[in-house]
Amino acid sequence: MEKNQKLERLEKQIRFIVEIDKVKNIFRQTYLADARRKENDAEHSWHIALMAYLLQEYAEKPVDVSKVMLMVLIHDLVEIDAGDTYAYDDAGAETKRAREEAAADRIFGLLPEDQGKYFRELWEEFEAYESPEGKYAHLLDNFQPLLLNDASGGLSWQEHQVKKSQIYKRNEKIEETSETIWNCMKEIVQKHIECGHVEEDFQEE
């Protein structure tokens, strides 16, 4: 690679690195464990990247953990343009895919072609929720806010008047990825139903 090509490549990488700093300003609806404030996307992504390594033993199928860690680190970068769509925002969900695709085109397009293509493929794999890595990444993405809700006294659940059926619907594929984690999640939800933080609107068969 010629010197000018290297410099051009580095310039693109730096442009991307500086651009993604904006993800630190995208705030989610989930509170930190101490309930002092809501977390941002960068904090969320860091948290689940570490969880990817720690919890891999509970995945029903073997996963490429390094791939999952990178997948979860980039999965919310599109929210720099598209904004955070709350898990239980039905209206926002209707336009989410279109908003995020346009964001992916722009943000990953800042990178050199090979890296931009790979990041876009990882993002699409996460969105598809089909590969073992994609499913495990989704498990982490869903489990982490549930753990923070538990630690913060169900604060965001209470704010949004979340129902048991909503939580179960959002997590309906978790059991096939990890029965152990799903059982843990159900216990947490039940605890917050009993505390009055989550409305019990149906009984399991």
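H197 lies in the segment that follows α11, where helices are DSSP runs of H or I with at least four residues, numbered from the N terminus. The model is a predicted one, in which local features need pLDDT of at least 70, side-chain atom pairs count only at pLDDT 80 or more, and totals for chains, interfaces and linings use all residues. Residues are numbered from 1 along each chain as its sequence is written, and side-chain values use heavy atoms, with hydrogens and water left out.

**Around H197**
- The side chain of H197 reaches the backbone oxygen of G153 at 3.2 Å.
- Leaving aside neighbours within four places in sequence, H197 is in contact (heavy atoms within 4.5 Å) with G153, G154, W157, Q158, V162 and H192.

**Nonpolar core**
- The largest nonpolar core, a set of buried Ala, Val, Leu, Ile, Met, Phe, Trp, Tyr and Cys residues joined through side-chain atoms within 4.5 Å, where buried means under 20% relative accessible area with a 1.4 Å probe and protein chains only, has 48 residues.
- Those with the most contacts inside this core are F16, V68, F108, Y136, L140, L146 and I167.
- At least two residues of this core come from each of α2 (41–54), α3 (65–74), α5 (90–108), α6 (113–128), α7 (132–151), α9 (164–170) and α11 (179–194).
- Not counting residues up to four places away in sequence, L140 touches I48, M51, A52, L55, V68 and P145.

**Helices α3 and α6**
- The axes of α3 and α6, lines fitted to C-alpha atoms over the stretch in contact, come within 9 Å and cross at roughly 90°.
- That crossing makes α3 roughly perpendicular to α6, a term that covers angles of 65 to 115 degrees.
- The contact is made by K67, L70, M71 and I74 of α3 together with Y118, F119, L122, W123, E125 and F126 of α6.

Terms used
Buried means under 20% relative accessible area, exposed over 50%, partly exposed in between (1.4 Å probe, protein chains only). A polar contact is a pair of N or O atoms within 3.5 Å; within protein, one must be able to donate a hydrogen and the other to accept it, and residues adjacent in sequence count only if both atoms are side-chain atoms. Axes are lines fitted to C-alpha atoms, for helices over the stretch in contact, and angles run from 0 to 180 degrees between N-to-C directions. Angles under 35 degrees count as roughly parallel, over 145 as roughly antiparallel, 65 to 115 as roughly perpendicular and the rest as oblique.
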